[in-house]
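Dear colleague,

Please find below the structure that I am handing over to you, together with its sequence. My notes on what was found in it follow.

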Amino acid sequence: MQQLLALNDGSSIPALGFGLYKVEPEVTTDVVVAGVEAGYRLVDGAEFYHNEPQVGEALRRVDRAGLTVTSKFWGEESQSRDAVMRAFDASERNLGTHVDVYMIHWPRAARNQFVGTWRAFVELRDQGRVRTIGVSNFTQAHVQRLLDETGVAPAINQVESHPWLPQHDLRAFHAQHGIVTQAWSPLGRGRLLEDPTLVRIAAEHGVTVAQAIIRWHLQLGGAAIPKSVNPDRLRENLDVFGFRLTDDDMAAVAGLETGERTGSHPDSRN
């Protein structure tokens, strides 16, 4: 049974979903169908992934009820209210269904416009057009500005997080405001799968290294969206509820923290 995480807007999301970044359009429909058939109930997409029409085709082939569908606003050309509304409309058309969770993909903080963008998101939520609004790649300072200037906290902040970059300070800040930390690149883009400490922990539990890392994410109290285009791997990544890492395991994983990123720093994208 999937674990659910309560959100500060009164709804909830599955702790585990699957991501669609860099999933080619020609395989996206099959991947989404396979993920839903494996038992996932959260599909994490975005305008920038350029595969939303194929996600929509998959959603027409499965039981849409009970699924959480995420999209994200890219905002490279404009972060204005009108740009948000146009992008949201386009995602709805491409998906052929309502969007459950809508996120600002990057703050693009150097432009100093993301607070206005967030106000447009609040408007979408208040109009009942989307259930949950969140952000992605926001630092604590960015989220604090949203709180200070709008009084509305995101329900979710989706950030890079894995054993090299656990983001403990950001997670603690999120917890103070009821914000769920959702990890992208939860496996460090595969670069952590040969780490000796993680290999040892996985072997002791009779699981794969990926399963051990995903379990670590869950025991931190957050959410994660591992990616795979392989149906067997999708099922395997979801099969993490039958074991638990020990306190010694968690301490050993904590020792892997280096601060190394596999993707861009939030302040680097404008």
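Two residues are said to be in contact when heavy atoms of theirs lie within 4.5 Å. Please also keep in mind that this is a predicted model.

With that definition, we may begin with Gln167. Leaving aside its neighbours within four places in sequence, Gln167 is in contact with Val159, Glu160, Ser161 and Arg261. Gln167 sits in the loop between S8 and H6. A polar atom of its side chain lies 3.0 Å from the backbone oxygen of Glu160. The C-alpha atoms of Gln167 and Thr139 are separated by 10.0 Å, and the two residues are 28 residues apart along the chain.

Is Gln167 buried or exposed? Its relative accessible area is 17%, and a residue counts as buried under 20%, so Gln167 is buried.

The backbone of Gln167 also deserves attention. Most residues other than glycine have a negative phi. Gln167, however, has a positive phi, near 60°. Arg108 is another residue with a positive phi, of about 50°, although it is not a glycine. Arg108 lies in the loop between strand S6 (101-104) and helix H4 (114-126). With a relative accessibility of 2%, Arg108 counts as buried.

I turn next to the sheet. Strands of a sheet pair through backbone hydrogen bonds, either parallel or antiparallel. Here, eight strands form an open sheet with parallel pairing, in the order S3-S4-S5-S6-S7-S8-S9-S10. Its edge strands are S3 (18-19) and S10, each of which pairs on one side only. At the S3 edge, two bridges join S3 to strand S4 (residues 42-44), and these two strands run parallel. The bridge partner of Gly19 in S4 is Asp44.

Towards the other edge, strand S8 (residues 156-160) pairs with S9 in the parallel sense over five bridges. Within this pairing, Glu160 has Trp184 of S9 as its bridge partner. S9 is also joined to strand S10 (residues 223-224) by two bridges, and these strands run parallel. There, Gln182 stands opposite Ala223 in S10. How does the chain pass from S8 to S9, and what does it form with the helix on the way? S8, helix H6 (residues 168-176) and S9 make a right-handed β-α-β unit.

S9 itself (residues 180-184) is mostly covered, as five of its five residues are buried. In a regular strand the side chains alternate between the two faces of the sheet. In S9, Val180, Gln182 and Trp184 are on one side, Thr181 and Ala183 are on the other, and all are buried. Both faces of S9 are therefore covered, since a residue is buried when its relative accessible area is under 20%.

Ala183 leads us to His217, a residue of helix H8 (residues 209-219). Leaving aside its neighbours within four places in sequence, His217 is in contact with Ser161, His162, Arg171, Ala183, Pro186, Gly222 and Ala224. The side chain of His217 reaches the backbone oxygen of Pro186 at 2.9 Å. His217 has a relative accessible area of 1% and is therefore buried.

Finally, there is the empty space in the model. Rolling a probe the size of a water molecule over the atoms shows where empty space is left. How many cavities of 30 Å³ or more does a search of the whole structure find? The search finds one. The largest cavity has a volume of about 30 Å³. Its lining consists of Asn137, Val159, Glu160, Gln167, Trp184, Arg261, Ser264 and Pro266. Several of these names will be familiar: Gln167 is in contact with Val159, Glu160 and Arg261, among others, and Glu160 is the bridge partner of Trp184.

The largest pocket holds about 690 Å³ of space. It is lined by 35 residues, of which Tyr21, Trp184, Ser185, Arg189 and Lys227 are the closest to its centre. H8 and helix H9 (231-238) are the elements that give two or more residues to this lining. H9 gives the most, with three residues. Trp184 thus appears in the lining of the largest cavity and among the residues closest to the centre of the largest pocket.

Yours sincerely

Key
Residues numbered from 1 in each chain as written. Predicted model: local features only at pLDDT ≥ 70, side-chain atom pairs only at ≥ 80, totals over all residues. Heavy atoms only, no water. Buried < 20%, exposed > 50% of the residue type's maximum accessible area, 1.4 Å probe, protein only. Helix = DSSP H or I, 4+ residues; strand = E, 2+ residues; numbered from the N terminus. Pairing = 2+ DSSP bridges. Right-handed = clockwise from strand over helix to strand, strands pointing away. Polar contact = N/O pair within 3.5 Å; in protein donor to acceptor, adjacent residues only side chain to side chain. 1 Å grid on protein atoms, 1.4 Å probe; cavity = no way out; pocket = protein on both sides within 12 Å on 5 of 7 lines; lining within 4 Å. Points joined across faces, edges and corners; volume = space filled by probe spheres on them.
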